[in-house]
Amino acid sequence: MSLLVVSKPLSVDICVIIKLISIPIIWYLRANLSRGLEMYFYLNLGISRKEYWIIPFAVEFVAFTVLMVISSIIGFAIR
């Protein structure tokens, strides 16, 4: 997607919308395909179930958005 944003910097909005749509799909697949065996290790470390599910998606979304903004700046600089 960053290549798309570098070539067309105004497509950042479309990429973020696609990302927001893909998060629930990935969340559903992760919940149904994993058996939850790895969760016990993190629960024993004191991480709640909510933190276990929300933090990775939030961090990944923020990183994705930052990289899209950087790519659009590069795209505007190239043009």
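Isoleucine 14 is exposed, with 52% of relative accessible area, which puts the residue just on the open side of the cut-off, since exposed means over 50%. Isoleucine 14 sits in helix 2. In space, its C-alpha lies 10.0 Å from that of methionine 1, and 13 residues separate the two along the sequence. All of this is read from a predicted model, so the values here are computed from predicted coordinates.

Now for the overall layout. The chain has four helices and zero strands, giving the pattern α-α-α-α when read along the sequence. Helix 1 covers 2-7, helix 2 runs over residues 12-33, and helix 4 takes in residues 49-78. Of the 79 residues in the chain, 23% count as buried. The chain exposes about 6,000 Å², and carbon and sulfur atoms supply 74% of that area. As for who touches whom, take the contacts with a separation of 6 or more: residues 24 or more positions apart make up 68% of them.

Some of these far-apart pairings can be picked out one by one, starting with the charged side chains. Side chains of opposite charge can pair when their charged atoms come close. How many salt bridges does the count come to? The count comes to one salt bridge. The partners are glutamate 60 and lysine 19, whose closest N and O atoms are 2.8 Å apart, inside the 4 Å limit for a salt bridge. Glutamate 60 belongs to helix 4 and lysine 19 to helix 2, so this pair ties together parts that are 41 residues apart in sequence.

Are the two partners of this bridge buried or exposed? Lysine 19 is buried, at a relative accessible area of 13%, because buried means under 20%. Glutamate 60 is partly exposed, with a relative accessible area of 34%. Lysine 19 has another neighbour worth a look: the residue lies over the face of phenylalanine 64, at 5.2 Å from the ring centre. Glutamate 60, for its part, can also be placed relative to isoleucine 23: their C-alpha atoms are separated by 9.9 Å, with their positions 37 residues apart along the chain.

Next come the aromatic rings. The structure holds one aromatic pair. Tryptophan 27 and phenylalanine 57 form this pair, with 5.1 Å centre to centre and 20° between the planes. Why does the pair count as stacked? The label fits because planes under 30 degrees apart count as stacked. Like the salt bridge, this pair involves helix 2 and helix 4. Tryptophan 27 lies in helix 2 and phenylalanine 57 in helix 4, so the pair ties together parts that are 30 residues apart in sequence. As for cover, phenylalanine 57 counts as buried at 13% relative accessibility, whereas tryptophan 27 is partly exposed at 33%.

Helix 2 also comes up when looking at the outside of the model. Which residues make the nonpolar surface patch of about 660 Å²? Ile17, Ile21, Ile25, Tyr28, Leu29 and Leu33 do. Take leucine 29 as one of them: this residue is found in helix 2. Leucine 29 is partly exposed, with a relative accessible area of 42%, so the residue clears the patch requirement of over 30%.

That leaves the loop between helix 1 and helix 2, where lysine 8 lies. Lysine 8 is exposed, with a relative accessible area of 53%. Where does serine 71 come in? Along the sequence, lysine 8 and serine 71 are 63 residues apart, yet their C-alpha atoms are 9.7 Å apart in space.

Key: Residues are numbered from 1 along each chain as its sequence is written. This is a predicted model: local features need pLDDT of at least 70, side-chain atom pairs count only at pLDDT 80 or more; totals for chains, interfaces and linings use all residues. Side-chain values use heavy atoms; hydrogens and water are left out. Patches are made of residues with over 30% relative accessible area and no salt bridge: like charges are joined within 9 Å, nonpolar side chains (Val, Leu, Ile, Met, Phe, Trp, Tyr) within 5 Å. Accessible areas come from the Shrake-Rupley method with a 1.4 Å probe; for residues, only the protein chains shown count as cover. A salt bridge is a side-chain nitrogen of Lys or Arg within 4 Å of a carboxyl oxygen of Asp or Glu. Helices (H or I, at least four residues) and strands (E, at least two) are DSSP runs, numbered from the N terminus. Buried means under 20% relative accessible area, exposed over 50%, partly exposed in between (1.4 Å probe, protein chains only). Rings of Phe, Tyr and Trp (its six-membered ring) pair if their centres lie within 6.5 Å; planes under 30 degrees apart count as stacked, over 60 as edge-to-face and the rest as tilted. A charge sits over a ring if NZ of Lys or CZ of Arg is within 6 Å of the ring centre and within 35 degrees of the ring normal. Contact means heavy atoms within 4.5 Å.
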